[in-house]
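Visitor: Could you take me through this model, beginning with the chain as a whole and then turning to helix packing and single residues?

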Amino acid sequence: MDSKPAQDESTSVKTLFAFYSNYLWNRLTTSVPSSDSKFLGKISNLCNQAARAGSRRRRACFPLPLPSNSPDSPLVMTEASRVVDVLEDIMEHMFTNLHNVQKNLNFWQSRAEGSNARKVYFKVFERGPRAFASETFQFLREWFTEGSSIQHLSESASAYIYERIAVLTTLRSSLATFLAEMYMEVDRCGEELLKDPERVLPSLLLTINGLFSKLEASIGHLHAMRQRNSSIDGSCSFPLMFEELPEVNQEGSQWTDCEMRDAINLVYENLHKLDTYISLMVAKHQRPRKVTVYWIRYTCGAVGLSVCSLWLLRHSSLMGSPDIDNWIREARDSTISFFNDHVEQPLLSIRDELFDTFRKRHKGVMEIEEVQLTANSLHRMLLAFSEQTKGQKLPENASDQELLEIVMARYEKEVMHPIQNLLNGELARALLIQVQKLKLDIETAMLELDQILRANEINFAILAALPAFFLSLILLMLVRAWFKRDTRAEGRGRIARLQRRLLIVEVEKRIMQYQTYIDNGKEKDAESMYGLVLYTLDRLYHAVERHAKATGEWQWLRQDIVDLAKPGLQTSYKLIVTSRMERVVEAQLDLGPNSTLRSSVALRRYSSSLAVSASTVRETDNASIGSASLGHRARHHFSILHQEVNGSKLVYLDNAATSQKPIAVLKALQNYYEAYNSNVHRGIHYLSAKATDEYELARKKVAAFINAADSRVLQQHIVISKLLLHGYRFEAGTPAISEAIGLGAAIDYLSGIGMKNIHDYEMELANYLYENLCSVPDVRIYGPKPSDKVQRVALCSFNVENIHPTDIATFLDQ
C-alpha cells in the first residue's frame, strides 16, 4: 500500500471518511424514534449531497444519457438530483480508474513494441539501481553456471512486460464493460428514471449491484494470479469482495428512505473497495517513475555535480584559496569590458554622431516670432506704397497679394526709365519692397526646414530605441511561451490541438472497432470497446471544453460528443460526426498565425454542417415527415435545376443514365482542384498530405456507408484483390482522387437527408407514376403491378403503341 501515488491515497482517505461518516449517521437515524425520521432523513440527504459535491469539485462529469426536460415537481427534482448524483459519482470513479489503468498500459505497450535489445535495456538499466544490480548478478551467475545467453534475458524481459500488460488489459476490459453496461442501462430507463425515480431507482441500483458482482467475478482473482518466477510483488494481496444489496425490492413494493440510503451508501462502499483494489493492482503493475527510468543519468549528474562541488570547495575562500574570487572578478571584468567595447560604446558613438548636428545647432536660428515681424514690416511697406501710388486710403486688412499687385504694376512702369526713376521716382522703394519680400520667403523656408530637422531628431531617437524595444518584446514573448507551455490536450497551443485531433481519431477508431465486433457477433468484446469509446469521449469532452467555450463552439461540440456516446445512433452517422470534428481541428492547424480568423471560419463551417446533421437526425426520427415535400426541399441543392427550358422549370428524369450533382459535391470537387490538387500516397509536401487525408477520409465514409470493415473498398481493381497482401495496395498510376473526394461529399449529402427518406420518396414517386400511366390509353407497362407482396424499384419501363420512343421523348422534352 505504501507504493500507491499520493493522489490515490488522498482520494481513498476522503472516500473512506465520507463512507464511515455516512455509516455512523445512518446508524444514528435508525436509533431515533420514527416521528423524527423524516427530519433527520432530510439532514442526512443534505450531508450526503454536500459530501458528494465536495468529491466532485475536481471537474464536471461526462453527461449522462438522460432527457433534457426534467419534471417540474420539487419532490421529483430532489429525487432525480439524488439519482443523477449517484450515477455521476459511479461514472467519475470508473473514468478515473480507467485513466489510471490506461496510462500505465500505454507505457507497457510502448515497451512491448520495442526490439528485444530495447526490452533488455529497460529491464536492466531502467528499473532502478537495485534491479540493475540484481539483474546483472543473476545474468552473470546464469552465464557461468548454465551458459545462458542473451536470448534468455530477452525472454525474461518480454515476460516481465507482457505479464503486466495482461493484468492491466483485463482490468481495462472489465472496467470498460461495467461502464458500458451501466451507461446503456441508464440510456434505456433514463426517461422513466426522471419521471418516477422512487420506482425506477431501486431496480437500477439492483442492476448496478449485479454489475458489481460481475466485475468481482472478472477481476477479483487477479491479485492471486502470479506466474512462476513472477516479478510482481505478491504481498499485501486481498480479494475483491463487494457488498450485495438485500432483496427488499419485491414486486409492487417501494423502498423506504432508510433502505434507499443504505443501498446508496452500499454503492459508495463498493466504489471505495473498487478504488482501493484498483489502486493496489495498478501500484503493483504501474510504470516506473521518471527518476527510476533515468536513474543512470541522474546518478551521473549527481556524481558530476559532487565532483564539481568538491573542486569548487577546494578553490574557495572556505579552504583559504582566493582562486574562485579571482576568477569571478576576472570573469566580471571581462564581461563588462566586452559589453562596453563591443555593445555599449558602438551604440553610443552612433547615437552621438547622429545627434551631434542637432545638439550644436543654435536654437534661435529661426523662430516663428521673427518671421512674423518680417511679415508685418512687409505688410506696412506694401500698404504705404500702394496708398501713395493710388492716392487714396486703403483698408488695414487688405491682403498682401492685392497690395503686391499694385506694387508690381508701378514697378513695371518705373523700369521703363530706370536711371531717371532711380533718382527721382519710386523705383528704389519698389526694389526695397521686393528685397523685404525675398527675406520673408527665405525666413519662412528656414522655419519649415527647422521644423523638419526637429521631426528628424525625434525619428532618429525612435530608431535608436527600436532595438531595445524589439529585444524586450522578444523576451516577453519567450517568457509568455514558457509560462503557457502545455502539451496536454487541454492546452491552447498547436501541440494541444494535435492532441485533441489524436483523441478524435482514437474515438473514430474505437467506434469502427465496436462496429466490427458487433458485425462478427462478439458481443462481449463489443461491450468492452463501447466502454473504451465512452472513456475516450470523456477525455475529449474535458480536453475541448475550455477552448470551445472561449471560441463559442461549445454548444454544438458538446452535442456532437454526446451524440457519439448514444448507443442507438448508427455508426455511419457517428463517423460523419467525427469526420466533421476532424475537419474543424485541421482548419485550426492549417492557418497558424490567423487564429482569430481561423476560429471564426471554423465556427461558421461547424455550425452550418451541424445544422445539416441536426436536421438529418430530426428528419430520420420524425416519422410524420411528408416525403412528397422532399423533392421540393432538395431542388435548390442542385444548381443545374435553377433554369428554365422551353418556358418551364427544368424537370430531369434521366437519373438512370446520369445523376445530377448537388452543390455540396461540386464545391468539394472545386475545392480539391483549387486548394490542394495533388497526387496521394507519394508526396510529403503540404498539398499531397492534404489530398491524401481527404482521399482516405472518403474511403472511410464509403466503408461506413456500405457497412464494410475495410476502407480499401474504393480500390478499382477488385479483380486482383488476391494480390493485396497484408493490406498493401498495388495500384498503378494516379487513382481517381477528385472522384473519391466527391463521392465522400455525396455520402455526406445523402446521409444528411436520410437514406430511408430518399427510399420512401422514390417509392412514392414510382407508385404515383405507375398509377397515372395505367390511366393513359395505349400505354403498356412492363413488369408486375406493385403491391404488398411485389416491391418494384423506382423505375417504370413503358411503351406507347404506334408511336416511336424517340417521338415520345421529343414530345415530353417540349
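Visitor: What percentage of the 814 residues of the chain count as buried?
Guide: This is a predicted model, and the figure is computed from its atoms. A residue counts as buried when its relative accessible area is under 20%. Of the 814 residues of the chain, the share that meets this is 36%.

Visitor: How much of the accessible surface of the chain belongs to carbon and sulfur atoms?
Guide: The accessible surface of the chain comes to about 49500 Å². Of that area, the part that belongs to carbon and sulfur atoms is 58%.

Visitor: Which secondary structure elements does the chain have, and how many of each?
Guide: Among the contacts in the chain with a separation of 6 or more, 67% are accounted for by residues 24 or more positions apart. As for the elements themselves, the chain has 4 strands and 26 helices.

Visitor: Are α6 and α7 roughly parallel or antiparallel?
Guide: Helix α6 spans residues 150-195 and helix α7 spans residues 197-219, and their axes come within 10 Å while crossing at roughly 170°. Angles over 145 degrees count as roughly antiparallel. The relation of α6 to α7 is therefore roughly antiparallel.

Visitor: How do the residues of the contact of α6 with α7 divide by class?
Guide: The crossing in question is the one at roughly 170°. The residues of this contact of α6 with α7 comprise 6 charged, 4 polar and 16 nonpolar.

Visitor: How are α6 and α17 oriented to each other?
Guide: Helix α17, residues 523-551, packs with α6 at an angle of about 80°, the axes being 7 Å apart. Since angles of 65 to 115 degrees form one class, α6 and α17 are therefore roughly perpendicular.

Visitor: Which residues of α17 make the contact with α6, and how does the contact divide by class?
Guide: On the α6 side, the contact is made by Arg172, Ser173, Ala176, Thr177, Leu179, Ala180, Glu181, Tyr183 and Met184. Sorted by class, the residues of the contact are 9 nonpolar, 4 polar and 3 charged. On the α17 side the residues are Glu527, Ser528, Tyr530, Gly531, Leu532, Leu534 and Tyr535.

Visitor: Which residues of α5 meet those of α4?
Guide: The axes of helix α4 (residues 116-125) and helix α5 (residues 129-145) come within 7 Å and cross at roughly 115°. From α4, the residues taking part are Lys123, Val124 and Phe125. Their partners in α5 are Ala131, Phe132, Glu135 and Thr136.

Visitor: How much of the span 294-313 is helix?
Guide: The unreviewed UniProt entry lists residues 294-313 and 460-483 under "transmembrane region". In the model, the end C-alpha atoms of residues 294-313 lie 28 Å apart, and the span has 0% strand. Its helix share is 95%.

Visitor: Is Gln436 buried or exposed?
Guide: Gln436 lies in helix α15, residues 427-483, and touches Thr374, Ser377, Leu378 and Met381, residues up to four places away in sequence not being counted. Gln436 and Met381 are 55 residues apart in sequence, yet their C-alpha atoms are 8.9 Å apart in space. Because its relative accessibility is 16%, Gln436 counts as buried.

Visitor: What is the relative accessible area of Asn802?
Guide: Asn802 is found in the loop between β4 (798-800) and α26 (805-812). Asn802 has a positive phi of about 70° although it is not a glycine. Asn802 is exposed, its relative accessible area being 83%.

Notes
Residues numbered from 1 in each chain as written. Predicted model: local features only at pLDDT ≥ 70, side-chain atom pairs only at ≥ 80, totals over all residues. Heavy atoms only, no water. Axes fitted to C-alpha atoms, helices over the stretch in contact; angles between N-to-C directions. Helix = DSSP H or I, 4+ residues; strand = E, 2+ residues; numbered from the N terminus. Parallel < 35°, antiparallel > 145°, perpendicular 65-115°, else oblique. Nonpolar A, V, L, I, M, F, W, Y, C, P; charged D, E, K, R; others polar. Buried < 20%, exposed > 50% of the residue type's maximum accessible area, 1.4 Å probe, protein only. Contact = heavy atoms within 4.5 Å. Areas by Shrake-Rupley, 256 points an atom, 1.4 Å probe, with all protein chains shown as cover. UniProt positions renumbered as here; feature names shortened; annotations may be inferred.
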